[in-house]
There are 2 protein chains.
Amino acid sequence: MGRVVYDMSTSLDGFVSAAGATAEEPLGIGGERLHAWAFAGDEVDRKVLGDGVGSLGAVVTGRRTYDQSLPFWGPNGPTGEARLPLFVVTHSAPASSPEDGVYRFVTDGPERALAEAVTAAGDKGVGVMGTDVARQLVRAGLVDEIVVHVVPVLFGSGDRFFDDDGQHVELEVLEVVPTAAATHIRHRVIGPAHGSR
Amino acid sequence: MGRVVYDMSTSLDGFVSAAGATAEEPLGIGGERLHAWAFAGDEVDRKVLGDGVGSLGAVVTGRRTYDQSLPFWGPNGPTGEARLPLFVVTHSAPASSPEDGVYRFVTDGPERALAEAVTAAGDKGVGVMGTDVARQLVRAGLVDEIVVHVVPVLFGSGDRFFDDDGQHVELEVLEVVPTAAATHIRHRVIGPAHGSR
């Protein structure tokens with residue numbers, strides 16, 4: 001069984017989207033800046049991106065990310081031509097979805113969606129997208145690694161990487177890959193930090 | 001004239017303090033975790049800390065940081081035995097302050113405090129402490145570098161590194177020094193990002 005990995009790009013100040021999100025700009029005004037590293041053409045950045053997607057066999061996300069992203073993803077989902085199955089946590093499946101799409105809707109919560117994704121992924125890993133599902137799975141102790149692409153920009157506001165009110169979560173740095181476009185940091189999730197509330 | 005540097009430790013998710021701050025624990029419950037790298041005894045971390053303080057000739061901060069930290073700093077201020085002058089931005093000087101302290105109170109705003117600190121620092125740099133003063137000086141285009149010590153922990157809540165509602169601020173990565181305790185990233189401040197609001 002592969003690892004469960006929460007992989008996300010953030011601004012230096014911890015935002016995963018900018019303020020002012022709309023249907024046309026789900027990442028907010030100027031929010032696409034966070035993904036510039038993936039298109040920068042730098043060989044090292046491309047390798048980070050390729051290794052990340054290449055290690056996965058399935059992906060889990062929340063309904064909000066699905067709704068926001070479907071117009072951009074089309075039937076192939078977030079992994080494009082790799083067409084990895086995307087398990088969407090939702091209260092109820094949408095009335096319609098692309099007929100040849102990679103989408104599977106799970107109404108029994110994030111842990112159930114993850115279990116189905118793990119089965120579908122076989123020997124490969126499972127990617128977690130979307131801050132809310134990720135937060136719940138991290139809290140449940142079900143995320144093995146957190147990969148953060150820290151982008152050299154300050155947003156000041158927007159959606160936060162880990163918006164939570166519970167105990168701190170202790171991590172261990174496994175690898176740091178710095179490029180001009182982003183500092184890629186891979187962590188192992190250790191668990192709740194002692195001494196935090 | 002030296003550089004003006006905003007130097008700060010943050011959690012991976014962009015918090016510079018934890019929730020639940022009190023007079024005894026100004027960084028919140030478990031917030032001291034952010035400074036563990038400075039005491040970890042790792043040679044590389046110690047060099048980062050030493051080079052940072054060693055490059056400075058004066059420091060600027062806000063009244064809130066001063067009030068919170070004075071019990072811990074005593075007369076020497078944040079730089080300990082180096083005893084660099086600390087310029088505190090305040091509406092009015094406090095009734096009392098340590099007689100042999102390094103503190104100088106400036107009631108004409110952060111830009112005036114910075115100007116006095118620059119004069120005091122001579123050839124050396126000026127450090128900026130405290131998120132509110134830092135934010136105002138970054139907005140005014142008066143901060144040359146931002147040094148962030150990214151600590152492998154998720155806080156989920158607390159005070160934010162750059163709590164702001166204006167245009168994004170574009171940075172350039174100058175240096176990344178990864179250790180087990182923190183990823184130290186030095187940036188040059190480029191300025192307002194195009195395409196953000």
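The following paragraphs lead through a predicted model of two chains, A and B, from their symmetry to the sheet, its central strands, the nonpolar core and the contact between the copies.

The relation between the two copies is a convenient place to begin. Two copies of a chain are related by a rotation about an axis and a shift along it. Here chain A is superposed on chain B by a rotation of 180° with 0.0 Å of shift along the axis, and the RMSD is 0.0 Å. That is the relation of a two-fold axis. Within chain A, the residue that comes closest to this rotation axis is Gly14(A), whose C-alpha lies at 2.1 Å. The same surface serves both copies, given that 100% of the contact residues of chain A recur in chain B.

The sheet can be followed strand by strand. Nine strands form an open sheet with mixed pairing, and their order is S4(A)-S3(A)-S2(A)-S5(A)-S1(A)-S6(A)-S9(A)-S8(A)-S7(B). The edges are taken by strand S4 (103-106) of chain A and by S7 of chain B, each of which has a single partner strand, so that one side of each is left without a neighbour in the sheet. Helix H2, residues 63-73 of chain A, packs on this sheet, where it touches strand S2 (56-62) and strand S3 (86-89) of chain A, and its direction makes about 100° with that of S2(A). Helix H4 of chain A, residues 131-139, lies across strand S1 (4-11), S2, S3, strand S5 (125-128), S8 and S9 of chain A, and runs at about 105° to S2(A).

Strand S1(A) repays a slower look. Seven of the eight residues of S1(A) are buried, so this strand is largely enclosed by the rest of the structure. S1(A) pairs with S5(A) in the parallel sense over three bridges, and it also pairs in the parallel sense with S6(A), over seven bridges. Val5(A) has a bridge partner in each of these two strands: Gly127(A) in S5(A) and Glu145(A) in S6(A). Further along the pairing with S6(A), Met8(A) stands opposite Val148(A). S6(A) is itself mostly covered, with six of its seven residues buried. S6(A) is joined to S9(A) by six bridges, and these two strands run antiparallel; within that pairing, the bridge partner of Ile146(A) in S9(A) is His187(A).

From the strands one can turn to the packing of side chains. In soluble globular proteins, nonpolar side chains tend to be buried together. The largest nonpolar core in this model has 101 residues, of which Val126(A), Val128(A), Val126(B) and Val128(B) touch the most other members. Leaving aside residues up to four places away in sequence, Val128(B) touches Val4(B), Val5(B), Tyr6(B), Val60(B), Val133(B), Ala134(B), Leu137(B) and Val143(B). In chain A, Val126(A) is one of the residues touched by Ala121(A), whose other contacts, again not counting residues up to four places away in sequence, are Gly2(A), Leu56(A), Gly57(A) and Ala58(A). Ala121(A) belongs to helix H3, residues 110-121 of chain A, and it is buried, with 23 other C-beta atoms within 10 Å. Ala121(A) and Ala58(A) are 63 residues apart in sequence, yet their C-alpha atoms are 5.1 Å apart in space.

The last step returns to the contact between the chains, which takes 39 residues from chain A and 39 residues from chain B. On the side of chain A that touches chain B, the elements that give two or more residues are strand S6 (145-151), strand S7 (153-154), strand S8 (169-178) and strand S9 (183-192). Among these, S8(A) gives the most, with seven residues. By class, this side of chain A has 19 nonpolar, eleven polar and nine charged residues. S8(A) is also joined by two bridges to strand S7 of chain B, residues 153-154, and the two strands run antiparallel. In this pairing Val169(A) stands opposite Leu154(B), while Glu170(A) stands opposite Val153(B).

Methods
Residues are numbered from 1 along each chain as its sequence is written. Chains are lettered from A and ligands numbered from 1 in the order in which they are written. This is a predicted model: local features need pLDDT of at least 70, side-chain atom pairs count only at pLDDT 80 or more; totals for chains, interfaces and linings use all residues. Two residues are in contact if their C-beta atoms, placed from the backbone, lie within 7 Å. Helices (H or I, at least four residues) and strands (E, at least two) are DSSP runs, numbered from the N terminus. Ala, Val, Leu, Ile, Met, Phe, Trp, Tyr, Cys and Pro count as nonpolar, Asp, Glu, Lys and Arg as charged, and the others, Gly among them, as polar. Two strands pair if DSSP finds at least two bridges between them. Axes are lines fitted to C-alpha atoms, for helices over the stretch in contact, and angles run from 0 to 180 degrees between N-to-C directions. Copies are superposed by least squares on the C-alpha atoms of residues with pLDDT of at least 70 in both. A nonpolar core is a set of buried Ala, Val, Leu, Ile, Met, Phe, Trp, Tyr and Cys residues joined through C-beta atoms within 7 Å. A residue is buried if 20 or more other C-beta atoms lie within 10 Å of its own, exposed if 12 or fewer, and partly exposed in between; C-beta atoms are placed from the backbone.
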